[in-house]
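Trainee: I should like to learn how to read the features of a fold, one after another. May we go through an example together?

Mentor: Certainly; please ask about each feature as we reach it.

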Amino acid sequence: MKMSEVLLIKLDTNGFERFYNRKMQECGCTVLPISDFRREKYGLSVLRPLQLRQLTPRYLAQYRLIVLFEEPALFLYLKKRIDPSRTRLVLWNWNITNRTWLRGNAPLRRRCENWTFDAVDAKKFGWKLNEQFYFAPEALPVRENADGKAGLTAFSACVDKGRYPMMKEMREALRRQGVATDFCLVSEPLRRYAAEDAAWIKTKGLPYEEFLQHTIQSDIVVEVVQSRQVGITVRALEAMFYHKKLITNNAAIRKTPLYHPCNVLIWEPGAQEKLPAFLQAAYQPLPEAAEKRYTFAAWLDNFLQPGAAD
């Protein structure tokens with residue numbers, strides 16, 4: 001499949017989304033922002049009839065694969081305007097489900113071809129499973145004091161969503177080992193935080209370009225996934241592609257090609273005792289095949305594999 005035969009429709013509302021859109025366009029795909037075709041009204045997603053007119057059957061027929069990100073109403077509109085023998089249309093669920101989704105979108109999504117990166121959601125809803133994906137840098141940036149012995153920095157940035165107690169625990173454990181902690185937790189309005197944590201509790205997150213620079217200048221990426229998530233996150237892929245160590249509470253990563261005990265510490269009972277040896281161990285580059293599995297090209301190909309349409 002040629003990249004010019006791929007159409008992607010997704011958000012462009014923040015730096016992270018725009019980073020992905022730019023990278024996908026650089027690969028030769030067509031990327032259209034969802035905001036061109038919908039707007040939010042009273043908390044609901046409403047399609048924009050005039051703008052939708054450009055998505056004619058003739059226009060859509062030039063694409064072999066159309067991937068729509070998390071917009072079931074638009075999926076059903078497109079479904080009526082494609083020839084399924086010529087064009088594959090899939091709905092990519094880039095986030096794990098929550099109660100808001102269950103109330104508002106479940107009836108629509110049952111009429112879509114749903115794909116997800118999370119095995120729990122795939123099993124629960126009968127969806128198809130694909131890998132998360134990222135874009136490998138052209139060259140690895142040079143990081144000073146990255147020999148695993150001195151001057152280590154651990155970076156973490158995310159919205160709270162119940163992550164605060166574990167992030168605090170991780171941060172304190174790292175600091176006891178002499179690791180500099182570059183942490184940013186975006187607070188929730190009604191949540192109470194300890195006064196001593198005011199320096200790293202923020203009211204808003206980092207723009208993605210700045211976030212990426214913090215990742216590049218760190219030695220260790222720290223992530224806390226939500227309690228039931230097992231899918232590999234973009235954070236984990238950033239760590240892999242930039243050759244950073246990873247500390248995560250996602251135990252499912254142990255069964256993936258990303259895992260190497262020198263590179264990944266799973267935050268579970270006994271992890272703090274393993275932390276000193278983990279910090280001293282040298283990073284072990286992964287096989288090329290492991291990185292290729294999580295590339296944009298591999299992600300697209302998985303939608304078109306034999307049996308994927310069943």
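Trainee: In what order do the strands of the open sheet of six strands lie, and is their pairing parallel or antiparallel?

Mentor: One reads a sheet from one side to the other, noting the direction of each pair. In this predicted model, the order is β11-β10-β9-β12-β13-β14, and the pairing is parallel. The sheet is open, with β11 (201-202) and β14 (264-266) as its edge strands, each of which pairs on one side only.

Trainee: How many bridges join β10 to β11, and which residue is the bridge partner of Val186?

Mentor: Pairing is read from the bridges. Strand β10, residues 180-186, runs parallel to β11 and is joined to it by two bridges. Val186 has Lys202 of β11 as its bridge partner.

Trainee: Which strands does helix α8 lie across, and at about what angle does it run to β10?

Mentor: For a helix packed on a sheet, one lists the strands in contact and then compares directions. Helix α8, residues 164-176, lies across β9 (153-159), β10, β11, β12 (220-223) and β13 (245-248), and it runs at about 170° to β10. Helix α9, residues 208-216, lies across β9, β10 and β12, at about 150° to β9.

Trainee: How do strands β1 and β2 pair, and over how many bridges?

Mentor: Strand β1 (residues 6-10) pairs with strand β2 (residues 30-33) in the parallel sense, over four bridges. The connection between them passes through helix α1 (residues 15-26), and this β-α-β crossover is right-handed. Within the pair, Ile9 stands opposite Leu32 of β2. As a general idea, side chains in a regular strand alternate between the two faces of the sheet.

Trainee: Is Glu238 buried or exposed?

Mentor: Burial is judged from relative accessibility, with under 20% as the cut-off. Glu238 counts as buried because its relative accessibility is 0%. This residue belongs to helix α10 (residues 234-241).

Trainee: With which side chain does the side chain of Glu238 make a polar contact, and which residues does Glu238 touch?

Mentor: For a buried polar side chain, one looks for its partners. The side chain of Glu238 makes a polar contact with that of Arg235, at 2.8 Å. Leaving aside residues up to four places away in sequence, Glu238 touches Tyr134, Tyr208, Phe211 and Thr215.

Trainee: Where is Ala281 found, and is it buried or exposed?

Mentor: A loop residue is assessed by the same kind of value. Ala281 is in the loop between α11 (271-280) and α12 (288-292). Its relative accessibility is 19%, so Ala281 counts as buried. Beyond residues up to four places away in sequence, Ala281 touches Lys245 and Cys262. Ala281 and Pro261 are 20 residues apart in sequence, and their C-alpha atoms are 9.1 Å apart.

Trainee: How many residues of helix α4 are buried, and which are they?

Mentor: One can count burial along a whole helix. Helix α4, residues 72-79, is mostly covered, with six of its eight residues buried. These are Pro72, Leu74, Phe75, Leu76, Tyr77 and Leu78.

Trainee: What radius of gyration does the protein chain have, and what would a compact globule have?

Mentor: With 310 residues, a compact globule would have a radius of gyration near 19 Å; the protein chain has 21 Å, which agrees. The C-alpha trace spans about 60 × 45 × 35 Å along its principal axes. The chain holds 13 helices and 14 strands, and 47% of its 310 residues count as buried.

Definitions and conventions. Residues numbered from 1 in each chain as written. Predicted model: local features only at pLDDT ≥ 70, side-chain atom pairs only at ≥ 80, totals over all residues. Heavy atoms only, no water. Pairing = 2+ DSSP bridges. Contact = heavy atoms within 4.5 Å. Axes fitted to C-alpha atoms, helices over the stretch in contact; angles between N-to-C directions. Right-handed = clockwise from strand over helix to strand, strands pointing away. Buried < 20%, exposed > 50% of the residue type's maximum accessible area, 1.4 Å probe, protein only. Polar contact = N/O pair within 3.5 Å; in protein donor to acceptor, adjacent residues only side chain to side chain. Rg over C-alpha atoms; globule rule 2.2 N^0.38 Å.
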